[in-house]
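Welcome! Take a look at the sequence and the model below, and then let us walk through some places in it together.

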Amino acid sequence: MSVLHFSTYADASEVLRHKDLRQSLYDAGAVIMDQVLLTLHGDAHRLRRVLEFRVFRRDFFHRYENTVFPRTMAETLAPFLAAGHFDLLDFAYRVTMNLTADFAGIDRPARTPTETEQLLALVHCFSEGATLVHSTRNKADVEVEVRAALAELETDFLQASIARRQNLLARFNRGEIGEQALPSDVLTVLLRNEDKMLLPPDLLVREMAFYLQAGSHSTANSIAHAFHDLVCWLAEHPEDEARLQNDPFFLQRCVFESFRLHPASPVAWRRPVCPVSLPGGDADDRDEIVVDLHAANRDQHLFGTDADRFNPHRDIKKPTPPWGLTFGTGPHLCLGRDLDGGVVPGDGADPATHQFGIVTRLLAELRDRGARPDPANPPTSAPHTKRANWGTYPVLSHGS
Ligand code: HEM
């Protein structure tokens, strides 16, 4: 067996688009990731992706970003602002957990802090299970915890969420309610199309758990990275404060640049399902393919000689997206990309109708509320993982 590394942007893109390479990064995290969308391959993947994609259309994101999300953000932020100091990651996890629960289809009927705490603890456990390959803890211990968390998700949240949707679907099928009365989420789509695919109950629980962690973990970390990058940039380039005030698209550029430097998953892994020809040679099912997204996003040919530095003025030529390969490419391209990143503004884009993405919206709100690093409590790195993420990020704010 050989391990083949691909770290230029061109090679990494080609490998990620290859149809005969299956996902393998989550083989170690099978306790939660077995047969969820991200680990499926070929026709089975296409069938489920086409169905679930219905929830991730741009028009729906636009509505969500402008109507549902501002309320969720304000509700979540209020107690943090009242305190005048808070942990940015704690806030980011809470708000993005609600966001991904909305898209997955997990109801939170109580909407109490206790309910949020419970769901958050489950999501942390699912994230650890999914990224077991990068965990520094005993893997068997983590698996026991993940199985218990999946059972808790099912009894305390999923059973009621399924029952409510099945009831609505039955009424819809009898013609008593219209399409618009059905929830717009992945769970509803899956229950509505049960006849088209085999989705046993244990897999449905894993699919929901996968969504909760896929959306919240990556988004929360991206918020903390973008906040930090912006703080450091403005400390060295105070002249850009004015640009932030006057150019509504500049903050989104900063977020794109931060996405590029900190892909949520620094590598993607693939395994050939048959003998394949790849840049630089051939491979077969005994070989492990490592796509280095972190390195590809710092490829100097595309991003310039200062590619490993944060520079929101960087000129990145089309068709390369300003976030590089952070949301992947090819068959597994992230379904949440436009939701989190928004749309790249074209010439003459109108800020009143532009889709900025959830991360930019959150950073704008934090800036408006005077959020800044707490000088007495510097941020710390995330423990128990080799991934370069923040573990705590204390900030001060204006207050409510
Ligand atoms: C900044 C935030 C995010 C980043 C950096 C990110 C990154 C990624 C990447 C790199 C992949 C592809 C992995 C691979 O090819 O091996 C992916 C897939 C996926 N992402 Fe995201 N993601 C983010 C947010 C979200 C959100 C908010 C959601 C949902 C609400 C989401 C849902 C998904 C799904 C469902 C897939 C699997 C697609 C498939 O296999 O067909 N992501 N994401």
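A polar contact is a pair of N or O atoms within 3.5 Å; within protein, one of the two must be able to donate a hydrogen and the other to accept it. With that in mind, we can begin at His354. The backbone oxygen of Val343 lies 3.0 Å from a polar atom of the His354 side chain. The side chain of His354 also makes a polar contact with the side chain of Gln252, at 3.0 Å. Please keep in mind throughout that this is a predicted model.

Where along the chain is His354 placed? His354 belongs to the loop between α14 and α15, the latter spanning 358-368. Is His354 buried or exposed? His354 counts as buried, because its relative accessibility is 8% and the cut-off for buried is under 20%.

**The ligand and its iron**

Now let us turn to the ligand. The space that the ligand takes up is the largest cavity. Two elements, α3 (42-53) and α9 (201-236), give two or more residues each to the shell around the ligand. Which of the elements gives the largest share? That is α9, with six residues in the shell.

There are 26 residues around the ligand, and His45, Arg49, Arg270, His332 and Cys334 come nearest. Sorted by class, the shell holds 12 nonpolar, 11 polar and three charged residues.

The ligand carries an iron atom, so which protein atom serves as its donor? The iron has a single donor from the protein, the SG atom of Cys334, at 2.3 Å. Cys334 sits in the loop that runs between α13 (300-303) and α14 (337-341). With a relative accessible area of 30%, Cys334 is partly exposed, because that value falls between the 20% limit for buried and the 50% limit for exposed. The C-alpha atom of Cys334 is 30 Å from that of Asp141, and the two residues are 193 apart along the chain.

Three side chains each place a polar atom by an oxygen atom of the ligand, as the table shows.

| Residue | Distance from a polar side-chain atom to a ligand oxygen |
|---|---|
| His45 | 2.7 Å |
| Arg270 | 2.8 Å |
| His332 | 2.6 Å |

**Backbone details**

Two spots in the backbone deserve a look. Lys318 and Pro319 are joined by a cis peptide bond, with omega at about 10 degrees. Pro319 lies in the loop between α13 and α14, and Cys334 is placed in the loop between these helices too.

The other spot is Gln35, where phi is near 65 degrees, a positive value in a residue other than glycine. Gln35 is found in the loop between α2 (30-33) and α3. Gln35 counts as partly exposed, because its relative accessibility is 40%.

**Two helix residues and their distances**

Let us finish with two residues in helices. Arg253 is part of helix α11, which covers residues 250-261. Arg253 counts as partly exposed because its relative accessible area is 34%. How far apart are the C-alpha atoms of Arg253 and Pro345? They are separated by 9.6 Å, while the two residues are 92 apart along the chain.

Leu47 is in helix α3, one of the elements that give two or more residues to the ligand shell. At 38% relative accessibility, Leu47 is counted as partly exposed. Leu47 and Met1 are 46 residues apart in sequence, and their C-alpha atoms are 32 Å apart in space.

Notes
Residues are numbered from 1 along each chain as its sequence is written. This is a predicted model: local features need pLDDT of at least 70, side-chain atom pairs count only at pLDDT 80 or more; totals for chains, interfaces and linings use all residues. Side-chain values use heavy atoms; hydrogens and water are left out. Donors are N, O and S atoms within 2.8 Å of the metal (3.2 Å for Na, K and Ca); water is not among the atoms, so sites may look incomplete. Helices (H or I, at least four residues) and strands (E, at least two) are DSSP runs, numbered from the N terminus. A residue is near a molecule or strand if one of its heavy atoms lies within 4 Å of it. On a 1 Å grid over the protein atoms alone, a cavity is a set of points where a 1.4 Å probe fits but cannot get out, and a pocket is an open set with protein on both sides within 12 Å along at least five of seven lines; lining residues have an atom within 4 Å of a point. A molecule sits in a cavity or pocket if more than half of its atoms lie within 2 Å of its grid points. Ala, Val, Leu, Ile, Met, Phe, Trp, Tyr, Cys and Pro count as nonpolar, Asp, Glu, Lys and Arg as charged, and the others, Gly among them, as polar. Buried means under 20% relative accessible area, exposed over 50%, partly exposed in between (1.4 Å probe, protein chains only).
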